[in-house]
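Please keep the sequence and the three-dimensional view side by side while reading, and follow the chain from its overall plan to its individual residues.

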Amino acid sequence: MKGSKFRALVLIACAVMLLASLSVSASGIYIGAGVGLEDIKTRYDRRSDTKLFPSLSLSDLAFSGDDENNETPYTLGGFIGYRLDASRQGAWMAIELGAVLRGDSVKGRLNATGITLDGANVPSIVVEDWKFQAESDRSLVAKIGTYINLFGFFDLSFYVLGGKRQIGVEFQRNFDICTNVQGCTSQEPTTTATETRKPTLEQWVGGVGLELGIGRRSALQFELRLNDEGSSEWNDGEAGVEVPQSLSRESYDFSTRLVLQF
């Protein structure tokens, strides 16, 4: 019994010593900021079956359309995290919460063409100008890395990351509805309306990075992240007519980041 108690005390003492060594080494809270360039692909889709044209003697007139828009804006981000790192060698782990400040907007125009049940096309039955503006951008990622000493001079670390990203957006569409079955011209009157929505798009994040130590508690990181498609779907309905619509966004970004560790 005494032997088992002694071994337990030894194990506890070893654990305490290990934790103490971690606390005085490279482990701890870190903060930082970075600038980046993000390639964005935003898509807006719309489809509807409606009964706007009873004079055609058809039960429905369907129209559909999609519009894609690509943008490559600059970004400015800040982050805070906790890193578990016994020493400047071997492996390390971290969990990081980040936010991105952005002022970019993506604009597009959707021209929907009507299709009758017998296959005839009715051009420009719905025209919509839309704008996508990101209002908030937050992410939570985990990182795993390992140190590599290059030529005895450079303190390098390669790492991989994965997590989730939430983007709060403002989506606005201005749409004109044509009531002429042959299509509208610029002189003909249309019904105009504006709609604004503020969905939250969720994305999975994956990426790789390279870290270069520039001081005892500071480093530069060069990071590439891939963000899968986040989407929002909704139905607009009027007089029993369903109008499914969707908004989606996917991107990849490259950033340079300065890390300061406490």
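Helices and strands are taken here as DSSP runs, of at least four residues for a helix and at least two for a strand, and they are numbered from the N terminus. On that basis the protein chain of this predicted model contains one helix and 11 strands, and along the sequence these follow the pattern α-β-β-β-β-β-β-β-β-β-β-β. Of the 262 residues in the protein chain, 39% are buried. The area that the protein chain exposes comes to about 14700 Å², with 61% of it supplied by carbon and sulfur atoms. If one considers contacts between residues at least 6 apart in sequence, 72% of them join residues at least 24 apart.

A convenient place to begin is strand β3, which spans residues 74–84 and has a covered face made up of T75, G77, F79, G81 and R83, while Y74, L76, G78, I80, Y82 and L84 make up its uncovered face. In a regular strand the side chains alternate between the two faces of the sheet. The partner of β3 is strand β4, residues 91–101, and the two pair in the antiparallel sense over nine bridges; within this pairing G81 stands opposite E96 in β4. Two residues on the covered face of β3, F79 and R83, also take part in arrangements of a charge over a ring. The charged end of R83 sits over the ring of W92, 3.8 Å from its centre, whereas F79 provides the ring in the other case, with the charged end of R257 over it at 3.8 Å from the centre.

Turning to the interior, the largest nonpolar core has 14 residues, and those with the most contacts inside it are Y44, W130, F132, V169, F171, W234 and L247. Two or more residues are given to this core by each of β5 (105–116), β6 (121–150) and β7, and β6 gives the most, with four residues. Apart from this core lies another, of 10 residues, among them Y30, W92, Y159 and V205. The structure holds six aromatic pairs, and ring pairs link Y44, W130, F171 and W234 into a cluster. The surroundings of F132 can be followed in the view as well: leaving aside neighbours within four places in sequence, F132 is in contact with T42, D104, S105, V106, V169, E170, L201, L247 and R249.

Which residues does K164 touch, once those up to four places away in sequence are not counted? K164 lies in strand β7, residues 154–177, and touches R138, S139, L140, E202, Q203, W204 and V205. Although K164 and Q203 are 39 residues apart in sequence, their C-alpha atoms are 5.8 Å apart in space. K164 has a relative accessible area of 31%, and is therefore partly exposed, since that class lies between the 20% limit for buried and the 50% limit for exposed residues.

L258, in strand β11 (residues 241–261), is likewise classed as partly exposed because its relative accessible area is 39%. Neighbours within four places aside, L258 is in contact with I31, G32, A33, F79, I214, A219 and L220. One of these contacts leads back to F79, on the covered face of β3, and another reaches I31, which is 227 residues away along the chain, with 8.5 Å between the C-alpha atoms of the two residues.

Key
Residues numbered from 1 in each chain as written. Predicted model: local features only at pLDDT ≥ 70, side-chain atom pairs only at ≥ 80, totals over all residues. Heavy atoms only, no water. Buried < 20%, exposed > 50% of the residue type's maximum accessible area, 1.4 Å probe, protein only. Contact = heavy atoms within 4.5 Å. Pairing = 2+ DSSP bridges. Areas by Shrake-Rupley, 256 points an atom, 1.4 Å probe, with all protein chains shown as cover. Phe/Tyr/Trp six-rings, centres within 6.5 Å; stacked < 30°, edge-to-face > 60°. Lys NZ or Arg CZ within 6 Å of the ring centre and 35° of its normal. Core = buried A, V, L, I, M, F, W, Y, C linked by side-chain atoms within 4.5 Å.
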